[in-house]
Amino acid sequence: MNNDSTTKILTCIICPNSCRISLTYDPDTQEITSIHGALCKKGKDWVEQELFKPMRTLCSSIRITGGREPLASIRTTKAVSLSSIKELMELIKASSIKAPVEIGQVVLSEPLGLDCDVIITRGVDRL
Amino acid sequence: MNEKINVSILIIGAGPAGTAAALGAKEAGEDSILIIDRDTRAGGILNQCIHDGFGLMRYKRALSGPEYAQLDIDSCHKKNIPILTDTYVHTIIKGDDHFTIKAIATGRLYSIKAKAVILAMGCRERTAGAISLPGSRPAGIYTAGTAQRLLNMQNTLVGRSCVIVGSGDIGLIMARRMTLEGAKVQAVTELQSYPGGLDRNIRQCLDDFDIPLYLETGIVSVHGNDRVCGITIAPLRSDRTLDMKNSQYITCDTILLSVGLIPENELSRSLDIAIDPITQGPIVTGDLMTSCPGVFACGNVLQVHDIVDLVSEEAKRAGRTAVSFVSGAYADTKELFSIYAGEKIRYCVPQVITPSSTTTLSLRVTEPITDATISITNDATLIKKRRYSFTQPSEMIQIEISVPENLVGSLEVNCE
């Protein structure tokens, strides 16, 4: 290993294999010089993303009014940057939806200008 | 009001195991199926598992728990498989050629006659009492799954500042969930030198939010009279005693326990079904039949799974073999051979097998192992060998084997 490269081991979160992927990169140019330990191509792509801009699917709940249950569960349709999650949670907490809601229903469209929707993942019937 | 029902196959539990077992039975040609569940909603524990990552094997995409559950519930509806919710099975009586199942619902008693029963009741959590948690018992101590249900189903955040004891997956998932909802998760503690949950959950639930994980750390005492006010933790010395010189007090109002799951087998025990002391689930054959002919088990009531996709697969198999039992195609004179968990193997399911069959073995290792080789042998004959670059107790390993015709003695599974 030369002096201006850094080695990191990242655990892939894409599937339960939890591959421990080791990679070497140049912290100045942000160039990855080697990747080892990924069982699939997805893991290789993931680790490149994870190093500089980690992305996560946000799963949470949203308040339901007039429903059999007080909450429906939700998630983003795509992974969003980890750094945007806090602000997205604030937006979700401030929102509420009228029952009934169904799985797949969009409750927030491109929130905060992000490239994703927030959809219902557990339906709630009207009371 | 008393209601009498006659079915071919009765399934107890409408979680991922129960619904998949029903679909497996239906696909095998059985039309007379009934699923009973004590909850208001079918779907079992998945209803409160709102995080994603379910279905990666089966559907090649990451679904949340409720979405995964709903797919099989919808299939049951489409195939006219009835699901009786809000109904609690309290007794199973074995008759000569059938079972009588007694169940109770609001204002109603059921007496159900079935030719076969599939157990799919899932598991429940170990509690503060089960681990002899030291210190007082104030309000504010919850199992992680209870806190998850309160938060995700009933909109109740159980505390503002919490310590999670045990690093099982539900604890890790709750560390993230509580953080997202505005609580401060002070730490996760674990007695072992390795986490109880999957590595991907350490990364996305703890590391993402800078929540510290203290491995090889025990609980000295829980503090508080009316409500939890703190917890004292200490690292373990090599002799597994608490190193009090390095103990630390953490102020918190809530403690979540994520210290393991126990298959829920009260009904199975009432039938005198043999239980494996390690898995705490029924001892089964490769066909997933328990020691009581006609009673099958699948999902977390059989063995605690780490991945729901594997639950569904196992349950479908139980559904299919239950059909072969009720149709009379099942030979109960099959000779049974034991399969033993040997070196570095914690358990192996099934525990008994029949010659000339194909069987999926589920097993876990006793400790984290790099470059593991798992071999299945009969006498000195090698039946199958599999290599793993890394494996640990939190991962269930499945190996499909063809059991030879001429078995000598028992089978043994070893890891090196």
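Reader: What makes the area between chain A and chain B about 2600 Å²?

Author: Buried area is the accessible area (1.4 Å probe) that two parts lose on being put together, summed over both. For chain A and chain B that comes to about 2600 Å², with 53% given by carbon and sulfur atoms. In chain A, the residues that lose the most area to chain B are I13(A), P16(A) and R122(A), together 22% of what that side buries. This is a predicted model, where local features need pLDDT of at least 70 and side-chain atom pairs count only at pLDDT 80 or more, while totals for chains, interfaces and linings use all residues. Residues are numbered from 1 along each chain as its sequence is written, chains are lettered from A and ligands numbered from 1 in the order in which they are written, and side-chain values use heavy atoms, leaving out hydrogens and water.

Reader: Why is the meeting of E67(B) and R75(A) called a salt bridge?

Author: The term asks for a side-chain nitrogen of Lys or Arg within 4 Å of a carboxyl oxygen of Asp or Glu. Here the N to O distance is 2.7 Å, so the pair fits the rule. Between chain A and chain B the count is 5 salt bridges.

Reader: How do you know whether T19(B) is buried or exposed?

Author: Buried means under 20% relative accessible area, exposed over 50%, and partly exposed in between (1.4 Å probe, protein chains only). T19(B) has 1%, so T19(B) is buried.
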